[in-house]
Amino acid sequence: ADDRGSIGIHRGENRGRMGVNVGRLAGVWLVSAVVGTLLDRIHTYFGVLRYAHPCFCEESCWTPVVMGGAGVALVLTHGLLRRVFHQPAAGTTRAVVVQGFDFATAYLASGIFQATPLGLLTAYGVVAVFRVLQDRRPARIATVVATMVVGVAAELLLTHIGFLEYVHPDICGVTYWIGGLY
């Protein structure tokens, strides 16, 4: 977050309307592409999912593109929802690092504990309740819900078009816990 409100969206100095900082969004895309692909590698390494046409380390050549786009979409959505709920940016570098570590831990757990999908979903639910009790800002909660809904829809789409498949799907080609991971 910066003094203007967010990583990717800010108010134009003289325009009085929302502007987009393309340089920052490009940085978000790059970091999301790299980190997201590394996190996804946990899933291919542990055999959670496999791609129809892998091209490197069992990953699709499109994985960085998808992950980069998801990171940008998340930043833009959160910025928009903060404006809808009239909430200022409140992020810190420390919070980003802690939440990133938490997300990486959740990814690792989904690889290690994939054989217990309902237990994993329950654990994700407990963590989500704990997080909501820590941070009840409406924009944050709306961002999480939107990310979960869009993420699950994207997973369903990607599995049904044959881009990837879950090795042990539970329902409609995906795992029970996938929404909890988001």
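Which side chains meet in a salt bridge at 2.6 Å, N to O? Select Arg50 and Glu165: their side chains form that contact. Keep in mind that this is a predicted model. The tour returns to this pair further on.

**Stop 1: the whole chain**

Start with a cartoon view. Six helices and six strands make up the chain. Follow them along the sequence, and the order is β-β-α-β-β-β-α-α-α-α-β-α. Now colour by accessibility. Of the 182 residues in the chain, 33% are buried.

**Stop 2: helix α1 and its neighbours**

Select residues 22-45, which form α1. Then add α2, residues 63-84. The two helices pack at an angle of about 125 degrees, and their axes are 7 Å apart. How do α1 and α2 lie relative to each other? They are oblique, because the angle is about 125 degrees and the roughly perpendicular range ends at 115 while the roughly antiparallel one begins over 145. Their crossing is right-handed.

Hide α2 and show α3, residues 93-112. Here the packing angle with α1 is about 15 degrees, and the axes are 8 Å apart. That makes α1 and α3 roughly parallel, since angles under 35 degrees count that way. This crossing, too, is right-handed: α1 passes α3 in that sense.

**Stop 3: a nonpolar patch**

Bring α2 back and switch to a surface view. Select Trp29, Leu30, Val31, Val34, Val35, Leu38, Trp62, Val65 and Val66. Together they make a nonpolar surface patch of about 840 Å². Which helix gives the largest share of the patch? It is α1, with six residues. Both α1 and α2 supply at least two residues each.

Zoom in on one patch member, Val34. Val34 sits in helix α1. Is Val34 buried or exposed? Neither label fits: Val34 is partly exposed, with a relative accessible area of 45%. That value falls in the middle class because buried means under 20% and exposed means over 50%. Now draw a distance from Val34 to Thr63. Their C-alpha atoms are separated by 9.4 Å, although the two residues are 29 apart along the chain.

**Stop 4: the loop between β4 and β5**

Select β4, residues 54-56, and β5, residues 59-60. The loop between these strands holds Cys57 and also Glu58. Check the backbone angles here. Most residues other than glycine have a negative phi. What is phi of Cys57 near? The value is near 45 degrees, which is positive, and Cys57 is not a glycine. Glu58 has a positive phi as well, about 65 degrees, and is likewise not a glycine.

Compare their accessibility. Cys57 is exposed, at 52% relative accessible area. Glu58 is partly exposed, at 45%.

**Stop 5: salt bridges**

Stay on Glu58 and show side chains. Glu58 forms a salt bridge with Arg41, and the closest N and O atoms are 3.5 Å apart. The pair links distant parts of the chain: Arg41 belongs to helix α1, Glu58 to the loop between β4 and β5, and their positions lie 17 residues apart in numbering terms. Arg41 is partly exposed, with a relative accessible area of 23%.

How many salt bridges does the structure hold? There are five.

Go back to the opening pair, Arg50 and Glu165, with their 2.6 Å contact. Arg50 lies in strand β3, residues 49-51, and Glu165 in strand β6, residues 164-166, so the bridge ties together parts 115 residues apart in sequence. Arg50 counts as partly exposed at 44% relative accessibility. Glu165 is partly exposed too, at 39%.

Next, select Arg131 and Asp102. Their side chains meet in a salt bridge with an N to O distance of 1.9 Å. This pair also links distant parts of the chain: Arg131 is in helix α4, residues 117-134, and Asp102 is in helix α3, 29 residues away. Arg131 is partly exposed at 29% relative accessibility, and Asp102 is partly exposed at 32%.

For the last selection, take Asp135, Arg137 and Arg140. Salt bridges with shared partners join these three residues into one network.

Methods: Residues are numbered from 1 along each chain as its sequence is written. This is a predicted model: local features need pLDDT of at least 70, side-chain atom pairs count only at pLDDT 80 or more; totals for chains, interfaces and linings use all residues. Side-chain values use heavy atoms; hydrogens and water are left out. Patches are made of residues with over 30% relative accessible area and no salt bridge: like charges are joined within 9 Å, nonpolar side chains (Val, Leu, Ile, Met, Phe, Trp, Tyr) within 5 Å. Accessible areas come from the Shrake-Rupley method with a 1.4 Å probe; for residues, only the protein chains shown count as cover. A salt bridge is a side-chain nitrogen of Lys or Arg within 4 Å of a carboxyl oxygen of Asp or Glu. Helices (H or I, at least four residues) and strands (E, at least two) are DSSP runs, numbered from the N terminus. Buried means under 20% relative accessible area, exposed over 50%, partly exposed in between (1.4 Å probe, protein chains only). Axes are lines fitted to C-alpha atoms, for helices over the stretch in contact, and angles run from 0 to 180 degrees between N-to-C directions. Angles under 35 degrees count as roughly parallel, over 145 as roughly antiparallel, 65 to 115 as roughly perpendicular and the rest as oblique. A crossing is left-handed if the near helix is turned anticlockwise from the far one by less than a right angle, and right-handed if clockwise.
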